[in-house]
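This briefing covers a few local features of one protein chain, its ligand surroundings and its core. Look through the structure below before reading on.

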Amino acid sequence: MHKNRFSRIGFILAAAGSAVGLGNIWKFPYITGENGGGIFVLVYLATVFFIGMSIFIAEVLLGSLTNKNAVTTIETLSPPQKKYWKYTGFTFLTGIFILTFYPVVIGWIFNYMVVSVSSLPSNFKESENLFMSFLKNDILSQIFYYTLACVLIAYTISKGVKKGIEKMNNILMPSLIFILTFLLIYSIQLDGFYKAVEFMFYPNFEKFHSSSIIVAVGHAFFTLSIGMATILTYAASLDKNVDIVRASITVVIMDTLIAIVAGLIIFSIVFTAAQEPGKGAGLVFITLPAIFNEMGTIGIYLALLFFIALAFAAITSAISILEPTVMYLVERKNMSRKNATYSVALLAYVLGLLALLSNTESFSTALTFGSKNLFDWFDFISSAILMPIGGILIALFVGYVLDKEVSRKALIPFMGETYYKIWLFTMKIVAPIAIFVLMLNEIGIIKF
Ligand code: PHE
Ligand code: NA
């Protein structure tokens, strides 16, 4: 076994670690709540399994073919007259944008781990005040927790694939699954569980909005970490002779299951307390803490476990966002891993500070441009524009540029002729068109 590569299970845990993140536990439940439940979940599942999984497989394929950073990978696999495709590899720069707001939210989670054991808010009004005053006025605590998150992420990446990324995921991912299983079992016996199941799986067409489709499709990309060379980069550190199709399917199923389990846990708790599911982004940081408090002592443990799970999920994603840029700098710019990590981390740290400050009362005016503050801009630019572009480029690359014999030889042993054809058709036609339409809509050029 190559000394600095993932084992098969190490890769699956790391890729699942990347995929399972804030997207699953924080975002998926609240957008499901806002978009009426069942029908939203249905569209989400369809996109994840038809388009998302195909692109996921494409990225794993590319990375595993060359075992190199994203730019070198695309360059090596392009025919001589098409070397300019190598610029597709630079989609990892999207990671810098995500790295600005993602660790800020990890900071909030750290704060709520402390809140869980020290002072859960005693009602919804108080809970809202608590979160808002932390977000808007408590600049020093926010920076403290944010810095902690950044140091942890950078430290892990500086240790490399085996000693850093794989080790971290080998500990955090099983713990995450363990905690979520426990919370699921707990919520199954709550009165609200049945209602939660119904809410998530009963397609209520009355609440059906075409804009919900857009949210569902957009989220399907974010949740699988595709379109910014993260999965490609992890696959580049994969040992040879691994069934890449099976590994991809396993990760996509894990990501989906964890999103659904997180939804069931949160909605069971919310419905048991007779609260509304559609509370938006504050579901996890405002609604839940107040309910946990009402539960008494058990609520403190549940709150702590919940925020630990959320932190674990987010940390393993954040490290995967940093790795592609670092691998590029190490391989192409001859930087040491330490220097590469700390330079990128420092850049992201400074930009992230601005994102953090843009939420605060003192700096929001200075750091708001047009309709959004910097925090929202970074989120929007990365998930609504850059990741979809990355997804289209990857699809077009494997669909039209990559030698068919190469993809055939690598994939057919694992998926067979028929699925290969469906996959190729998705890459050439379905994915590029679907993502393009979605993107135009998200940036407001066309409106559904
Ligand atoms: N997939 C992660 C989530 O669901 C986010 C992420 C996006 C991670 C892009 C890596 C790359 O939270
Ligand atoms: Na995810």
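Asn241 sits in the loop between α11 and α12 (244–272). The model is predicted. In this model Asn241 has a positive phi of about 60°, although it is not a glycine.

**Two residues with positive phi**

- Most residues other than glycine have a negative phi.
- Asn241 counts as exposed because 8 other C-beta atoms lie within 10 Å, and the limit for exposed is 12 or fewer.
- Ala229 is not a glycine either, and has a positive phi of about 70°.
- The loop between α10 and α11 (230–236) holds Ala229.
- Is Ala229 buried or exposed? Ala229 is buried, because it has 35 C-beta neighbours inside 10 Å and 20 or more are needed to count as buried.

**Surroundings of ligand 1**

- There are 15 residues around ligand 1, and those that come nearest are Gly21, Gly23, Ser225, Thr230 and Ser317.
- At least two residues of this shell come from each of α1 (8–19), α2 (22–34), α10 (210–223) and α14 (297–332).
- By type, the shell around ligand 1 has nine polar residues, six nonpolar and no charged.

**The largest nonpolar core**

- The largest nonpolar core has 163 residues.
- Tyr102, Ile106, Ile109, Leu310, Ala314, Ala318 and Leu322 touch the most other members of this core.
- α14 gives the core its largest share, 18 residues.
- Which residues does Ile109 touch, not counting residues up to four places away in sequence? Ile109 touches Phe307, Leu310, Ala311 and Ala314.

Terms used
Residues are numbered from 1 along each chain as its sequence is written. Chains are lettered from A and ligands numbered from 1 in the order in which they are written. This is a predicted model: local features need pLDDT of at least 70, side-chain atom pairs count only at pLDDT 80 or more; totals for chains, interfaces and linings use all residues. A residue is near a molecule or strand if its C-beta atom, placed from the backbone, lies within 6 Å of it. Helices (H or I, at least four residues) and strands (E, at least two) are DSSP runs, numbered from the N terminus. Ala, Val, Leu, Ile, Met, Phe, Trp, Tyr, Cys and Pro count as nonpolar, Asp, Glu, Lys and Arg as charged, and the others, Gly among them, as polar. A nonpolar core is a set of buried Ala, Val, Leu, Ile, Met, Phe, Trp, Tyr and Cys residues joined through C-beta atoms within 7 Å. Two residues are in contact if their C-beta atoms, placed from the backbone, lie within 7 Å.
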